[in-house]
Amino acid sequence: MRLVQYTDAAGNRAVGLVAEDGNHLHPLAGVSTVLDLANRAIATGTPLAELARAAATDERVDYDALLNAGQVLPPLDHPEPSRMLVTGTGLTHIGSAAARNKMHQLTHGDDADESDSMKIFKMGIAGGKPAAGELGVQPEWFFKGVGTCVVRPGEALPLPAFALAGAEEAEIVGLYLVGPDGAPFRIGYALGNEYSDHVTEAKNYLYLAHSKLRSCSFGPELLIGELPDEVRGTSRIRRDGAVVWEEEFLSGEKHMSHSIGNLEHYHFRYPMHRRPGDLHAYFFGAAVMSFASGVATQSGDEFEVHAPVFGKPLRNRMEQVTDEGLVTVRAL
């Protein structure tokens, strides 16, 4: 089951169940946001999919028309954007670990000791998928931003004037709601573009935190239920309509060094991440990236992330934004 959030012609919010043909939506009666539906599921103890199926109408809305008109929203958001925490982990796939290791070699030389990135990836291989009821090894973790950094599918990803670069990271995103008692609930999964500044990151490991403080996007569809063990997809870049880079990616637990449950434990073990009513969007790491292939992106490039299990592809164009100049702080 896949759900889409959108606005109708009158500007009203709605949620639609993706039809079998993948090109139409069945609006959910009495449901205007996925957050409302998730809260209802927690309050009643009814599975989210069951509630969505019961509310689905026979009406058919043209999904492609909504996408073309820019009316499709992220599949999960909060009316108070600051109450949606956007975070992630890297080094969960061999592609990202190899890319990080290459950055280390560029900085310290080919004869440098094994990088911390490769060490933590190997730690995940050894202990990132613990047996049921046991604790696994701790993964990497980073802060991306709050809900204001999420742009809707089809919307431009801003390239700040201070950025040294901007490029895609095709990933799977876990989407969560913390219940009234502080217990986290997984709503579902979405395709994501974690969009980072890899040139800044490559200058020094300690700039990783800065390189992640950028916009991102996920969607357009929310996958309800369990994530397939293997997810096959394609990440590509178009420039002036032509594909300038394309690579298949393999994800899902079969191709990850950590189990989803292990990543979730190490995120939600912190009490500050279990604040009732908060939403969380958690990026699970990239398998491939154009930066690792030596591609230099440009303003105007369109990033596309597609995996059939998630329905329609996620597309966002990168656009240069005006420099704010020196930011000064005034004393009160």
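**Talking through a predicted model**

Biologist: Leaving aside neighbours within four places in sequence, which residues is His280 in contact with?
Modeller: Bear in mind that this is a predicted model. His280 sits in strand 15, residues 279-286. Not counting neighbours within four places in sequence, His280 is in contact with Leu85, Gly174, Leu175, Tyr176, Val178, His267, Phe268 and His273.

Biologist: Is His280 buried or exposed?
Modeller: The cut-off for buried is under 20% relative accessible area. His280 has a relative accessible area of 1%, so it counts as buried.

Biologist: Which side chain does the side chain of His280 make a polar contact with?
Modeller: One of the things the His280 side chain reaches is a backbone atom, the oxygen of His273, at 3.1 Å. For a side-chain partner, look to a polar contact at 3.0 Å, and there the partner is His267.

Biologist: How many of the residues of helix 8 are buried?
Modeller: Helix 8 covers residues 260-268 and is mostly covered. Its buried residues are Ile260, Asn262, Leu263, Glu264, Tyr266, His267 and Phe268. What covers them includes strand 5, strand 9, strand 10 and strand 15. The count of buried residues in helix 8 is 7 of 9.

Biologist: Over to the helix pair. How do helix 1 and helix 2 lie, roughly parallel or oblique?
Modeller: Helix 1 (residues 34-44) and helix 2 (residues 48-55) pack with their axes 9 Å apart, at an angle of about 120 degrees. That angle makes helix 1, relative to helix 2, oblique.

Biologist: Which residues in helix 2 are met by residues in helix 1?
Modeller: Helix 1 passes helix 2 in a right-handed crossing. By class, their contact has 6 nonpolar, 1 polar and 1 charged residues. From helix 1 come Leu37, Ala38, Arg40, Ala41 and Thr44, and the residues they meet in helix 2 are Leu48, Leu51 and Ala52.

Biologist: Now Gln5. Which side chain does the side chain of Gln5 make a polar contact with?
Modeller: Gln5 is in strand 1, residues 2-7, and it counts as buried because its relative accessibility is 0%. A polar atom of its side chain lies 2.8 Å from the backbone nitrogen of Val34. The side-chain partner, at 3.1 Å, is Arg13.

Biologist: How far apart in space are Gln5 and Leu76, C-alpha to C-alpha?
Modeller: Leu76 is among the residues in contact with Gln5, and so are Pro75 and Asp77. In sequence, Gln5 and Leu76 are 71 residues apart. In space, C-alpha to C-alpha, the separation is 7.5 Å.

Biologist: Is Ser215 buried or exposed?
Modeller: Ser215 is found in the loop between helix 7 and strand 11. Beyond its neighbours within four places in sequence, its contacts include Lys144, Cys149, Glu194 and Tyr195. With a relative accessible area of 14%, Ser215 is therefore buried.

Biologist: What about Ala165: how far is it from Phe291 in space, C-alpha to C-alpha?
Modeller: Ala165 is in the loop between strand 8 and strand 9, and at 21% relative accessibility it counts as partly exposed. Not counting residues up to four places away in sequence, it touches Leu159, Ser196, Asp197 and Val199. Ala165 and Phe291 are 126 residues apart in sequence, and their C-alpha to C-alpha distance is 9.7 Å.

Conventions
Residues numbered from 1 in each chain as written. Predicted model: local features only at pLDDT ≥ 70, side-chain atom pairs only at ≥ 80, totals over all residues. Heavy atoms only, no water. Helix = DSSP H or I, 4+ residues; strand = E, 2+ residues; numbered from the N terminus. Buried < 20%, exposed > 50% of the residue type's maximum accessible area, 1.4 Å probe, protein only. Polar contact = N/O pair within 3.5 Å; in protein donor to acceptor, adjacent residues only side chain to side chain. Contact = heavy atoms within 4.5 Å. Axes fitted to C-alpha atoms, helices over the stretch in contact; angles between N-to-C directions. Parallel < 35°, antiparallel > 145°, perpendicular 65-115°, else oblique. Left-handed = near helix turned anticlockwise from the far one by under 90°. Nonpolar A, V, L, I, M, F, W, Y, C, P; charged D, E, K, R; others polar.
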